[in-house]
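Let's take a walk through this structure together, from its surface to its interior. Please have the sequence and the 3D view at hand.

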Amino acid sequence: MIQEQTKLKVIDNSGGKIVKCIKVLNGSKKKIAKIGDVIKVVVKNCNFNSKVKKSQVLNAIIVRTKFPFKRKDGTYLSFSDNAVLLLNNLNQMIGTRVFGCLAREIKFFHFKKLLSLSNELL
């Protein structure tokens, strides 16, 4: 579960390294976000010559969380880190590659293009 002030790892080639969640979108009283949710983030650490700059505010989709979540078949899945992919204002990916594995659940949230960019799907 991701809430405000949570630091997250960026797993695409947009140039950002570490981001911090500043708002959970899709509801005024929503406090936590799970895999597949869109959040508002600020870039805390980035590469020298990158598409994103430090202190830039962007949207992001959560693709991995440490907190275990339950699938419909009854299994639980958790990852070793919290990770996101950076999006622009039109909810399109800024980067062109995805590093690491993704959860299968994000395809249900209209982000089917992300699945083709990933090399491993869990």
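In which loop is Ile32 found? Ile32 sits in the loop between β2 (16–24) and β3 (38–46), where strands are DSSP runs of E with at least two residues, numbered from the N terminus. This is a predicted model, so local features need pLDDT of at least 70 and side-chain atom pairs count only at pLDDT 80 or more, while totals for chains, interfaces and linings use all residues. Residues are numbered from 1 along each chain as its sequence is written, and side-chain values use heavy atoms, with hydrogens and water left out.

Ile32 counts as partly exposed because its relative accessibility is 33% (buried is under 20%, exposed over 50%, partly exposed in between, with a 1.4 Å probe and protein chains only).

Now follow the strands on either side of that loop. β2 and β3 run antiparallel and are joined by seven bridges (pairing takes at least two DSSP bridges), and Lys20 stands opposite Val42 in β3. β3 also pairs with β4 (residues 57–64), again in the antiparallel sense, over five bridges; here Val41 is opposite Leu58 in β4.

Turn next to the interior. The largest nonpolar core has 17 residues, and Ile39 and Val41 are among those with the most contacts inside it. Such a core is a set of buried Ala, Val, Leu, Ile, Met, Phe, Trp, Tyr and Cys residues joined through side-chain atoms within 4.5 Å. β1 (7–10), β2, β3, β4 and β7 (83–87) each supply at least two residues of this core. Apart from it lies another core of 16 residues, including Ile11 and Leu85.

Conventions. Helix = DSSP H or I, 4+ residues; strand = E, 2+ residues; numbered from the N terminus.
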